[in-house]
Amino acid sequence: MAAKKDPAAEAAAAMNRRAKGKKPMKDFKKYLVYGLGVFATIAAVWLAATDGGGKKKSRDTYRAKATASVNDRYFVSDVTSYSAGNFTAAASPFFNGWSYADVSYGLDGVSIKGEGMIGFAGALQRCQDEAEGLESGAVPPAYDLRQQKPGCEAGEVYDQQNCSSSYAIAAATALSSRFCFSDPETYAETRLSPQQVISCDKKSQGCGGGGIDSVWSYLKRRGLFPESCVPFAGAKEAKCESSCDAAKKLYSLDHCLLSGEKRIKREIFNRGPVVAPVLLKDDFMVYKSGVYTPTDNANQQYGANGEPLLTAVTIMGWGRSEGTPYWLVKNSWGKGWGEDGYARMTIGTGVLREESIIVGYAATPEALEELARKKEAEEKRKEELKKERAERDARIREREAQRAAEATESASEAEEDLDFEDDEEVDTDSHEGDDP
Ligand SMILES: *[C@@H]1O[C@H](CO)[C@@H](O)[C@H](O)[C@H]1NC(C)=O
Ligand SMILES: *[C@@H]1O[C@H](CO)[C@@H](O)[C@H](O)[C@H]1NC(C)=O
């Protein structure tokens with residue numbers, strides 16, 4: 001433990017100081033005994049004063065208590081030291097006054113609704129790989145949407161307050177950003193309203209959480225007004241209404257499930273941010289700066305029904321810091337949390353769930369045109385198929401008719417033969433029998 005190094009260093013320093021100040025001791029043994037004595041004394045005093053030995057235990061104890069505060073200063077300093085330079089921790093204004101019980105309530109209910117039935121008809125579908133060699137396409141080693149597409153980050157980081165709405169904020173942010181990405185002039189500074197989802201989407205649970213994936217169905221069906229039309233109100237009573245022109249709404253086209261680092265990067269690079277579920281750990285809540293890797297002691301947080309808590313973030317880019325590859329994510333815990341509300345999270349730790357990324361396509365004019373083109377091509381293909389089938393059927397019918405005609409012909413030839421034979425042998429009989 002880092003805490004134990006300090007007294008040792010102090011003792012060594014003290015030893016040095018004393019050794020320098022006094023005449024060098026001739027007897028090495030005496031020197032050693034003296035040094036050890038100083039070390040033991042300082043260590044004992046230090047341990048007694050700080051209860052250093054019991055620190056880990058006390059940390060686990062206060063985290064087990066629902067009443068303990070997220071911003072507990074001992075916990076914060078522990079996290080910084082446990083992360084060993086990867087990231088620093090700090091109390092954030094967002095969690096001011098929050099206990100762990102508040103976390104279970106205030107961040108509850110965010111899930112991936114379709115995860116259990118991926119690929120089934122009507123359920124969450126996997127994103128289709130692009131035709132032009134997805135695996136081979138190169139992406140830059142670092143990417144930050146704020147720099148690549150200035151004004152496309154969908155405005156300032158939200159403060160979701162005591163309202164579990166990360167699912168709505170992340171979706172609205174990604175959709176806004178994607179419109180801007182597609183046409184940075186027309187859609188500059190686009191910021192669509194997550195409050196509309198919180199207040200109006202009956203299939204989500206408002207401030208009680210919602211589906212990171214299923215919320216996109218609302219964005220497709222109803223579209224979103226700009227933030228200015230339906231401002232964020234969080235848990236404050238907000239009616240589902242807007243005086244804005246419906247023409248101001250922007251829609252999603254569709255959504256799907258994506259996985260894999262390379263695919264995620266490619267998708268962001270080509271079309272803009274994606275939404276990621278993040279498993280909620282106690283040390284992440286006090287993340288301040290650096291690249292977040294969960295500490296060994298990190299504790300997963302749970303909701304009221306015992307489910308592991310998830311929070312939704314928007315991936316805005318990636319990069320590498322001192323050899324550690326990371327995702328750049330935009331959170332919704334206010335600007336005072338993390339790096340101005342953003343975080344850098346190590347890729348591949350399992351905290352940010354790279355296997356369950358949600359891509360929500362924007363219904364941009366180009367995307368709609370392309371969809372129309374695809375539909376038209378599909379229709380045309382169907383028509384052609386129909387025509388081909390009709391032609392084939394006609395050919396078959398023709399051939400059948402021909403065969404039938406040939407059959408009749410050969411039959412009549414045969415008949416003629418028979419007739420001929422008949423003529424020879426049973427001519428008179430048949431004539432007798434057939435005549436009415
Ligand atoms: C620091 O981050 C690296 C990269 O994710 C990881 O391998 C290492 O275990 C981390 N150190 C600590 C103390 O968490
Ligand atoms: C959040 O709201 C709930 C329900 O009103 C309340 O019990 C809880 O104390 C609130 N949490 C905070 C941090 O204000």
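## Close-up views: salt bridges, charged patches and disulfides

**View 1. Glutamate 261 and lysine 265, partners in helix H10.** Glutamate 261 and lysine 265 sit four residues apart in helix H10 (residues 261–271), so about one helical turn separates them. Their side chains meet in a salt bridge, at 2.9 Å from N to O. This is a predicted model, so pairs like this one are read from predicted coordinates. The two ends differ in cover: glutamate 261 is partly exposed at 35% relative accessible area, while lysine 265 is buried at 12%. If you go hunting for salt bridges through the whole structure, you'll find 10.

**View 2. Glutamate 267 and arginine 271, also in helix H10.** Here's another pair set four residues apart in helix H10, about one turn of the helix. The side chains of glutamate 267 and arginine 271 make a salt bridge with an N to O distance of 3.0 Å. Glutamate 267 is buried, with just 5% relative accessible area, whereas arginine 271 counts as partly exposed at 30%.

**View 3. Glutamate 378 and arginine 381 in helix H12, plus a network to look for.** These two residues lie three apart in helix H12 (residues 365–425), again about one turn of the helix. Glutamate 378 forms a salt bridge with arginine 381, and their closest N and O atoms are 4.0 Å apart. Both ends are partly exposed: glutamate 378 at 36% relative accessible area and arginine 381 at 47%. Elsewhere, salt bridges with shared partners tie Arg178, Glu267 and Arg271 into one network.

**View 4. Two charged surface patches.** Glu379, Glu383, Glu384, Glu388 and Glu391 form a negative surface patch. Glutamate 379, one of its members, belongs to helix H12 and is partly exposed, at 44% relative accessible area. A positive surface patch is made of Arg389, Arg392, Arg395, Arg399 and Arg403. Arginine 399 is in helix H12 too, and it is partly exposed at 43%.

**View 5. The disulfide between cysteine 127 and cysteine 256.** The sulfurs of this disulfide are 2.0 Å apart. With a torsion of about 95° around the S-S bond, the disulfide is right-handed. Cysteine 127 is in the loop between helix H5 (100–106) and strand S2 (143–144), and cysteine 256 is in strand S3 (residues 252–258), so the pair ties together parts 129 residues apart in sequence. Both cysteines are buried: cysteine 127 has a relative accessible area of 12%, and cysteine 256 has 5%.

**View 6. The disulfide between cysteine 152 and cysteine 180.** Here the S to S distance is 2.0 Å, and the torsion of about -70° makes this disulfide left-handed. The pair links distant parts of the chain, 28 residues apart: cysteine 152 sits in the loop between helix H6 (145–148) and helix H7 (166–182), and cysteine 180 in helix H7 itself. Cysteine 152 is buried at 0% relative accessible area, and cysteine 180 is buried at 1%.

**View 7. The disulfide between cysteine 200 and cysteine 240.** This disulfide spans 2.1 Å from S to S and is right-handed, with 110° about the S-S bond. Cysteine 200 belongs to helix H8 (residues 194–200) and cysteine 240 to the loop between helix H9 (215–221) and S3, so parts 40 residues apart in sequence are tied together. Cysteine 200 is buried at 15%, but cysteine 240 is partly exposed at 48%. The disulfide count comes to five; numbering the bonded cysteines in sequence order, the pairing runs 1-10, 2-4, 3-6, 5-8, 7-9.

Methods
Residues are numbered from 1 along each chain as its sequence is written. Chains are lettered from A and ligands numbered from 1 in the order in which they are written. This is a predicted model: local features need pLDDT of at least 70, side-chain atom pairs count only at pLDDT 80 or more; totals for chains, interfaces and linings use all residues. Side-chain values use heavy atoms; hydrogens and water are left out. Buried means under 20% relative accessible area, exposed over 50%, partly exposed in between (1.4 Å probe, protein chains only). Patches are made of residues with over 30% relative accessible area and no salt bridge: like charges are joined within 9 Å, nonpolar side chains (Val, Leu, Ile, Met, Phe, Trp, Tyr) within 5 Å. Accessible areas come from the Shrake-Rupley method with a 1.4 Å probe; for residues, only the protein chains shown count as cover. Lys and Arg count as positive and Asp and Glu as negative; His and the chain ends are not counted. The place of a charge is taken as NZ of Lys, CZ of Arg, CG of Asp or CD of Glu. A disulfide is a pair of cysteine sulfur atoms within 2.5 Å.
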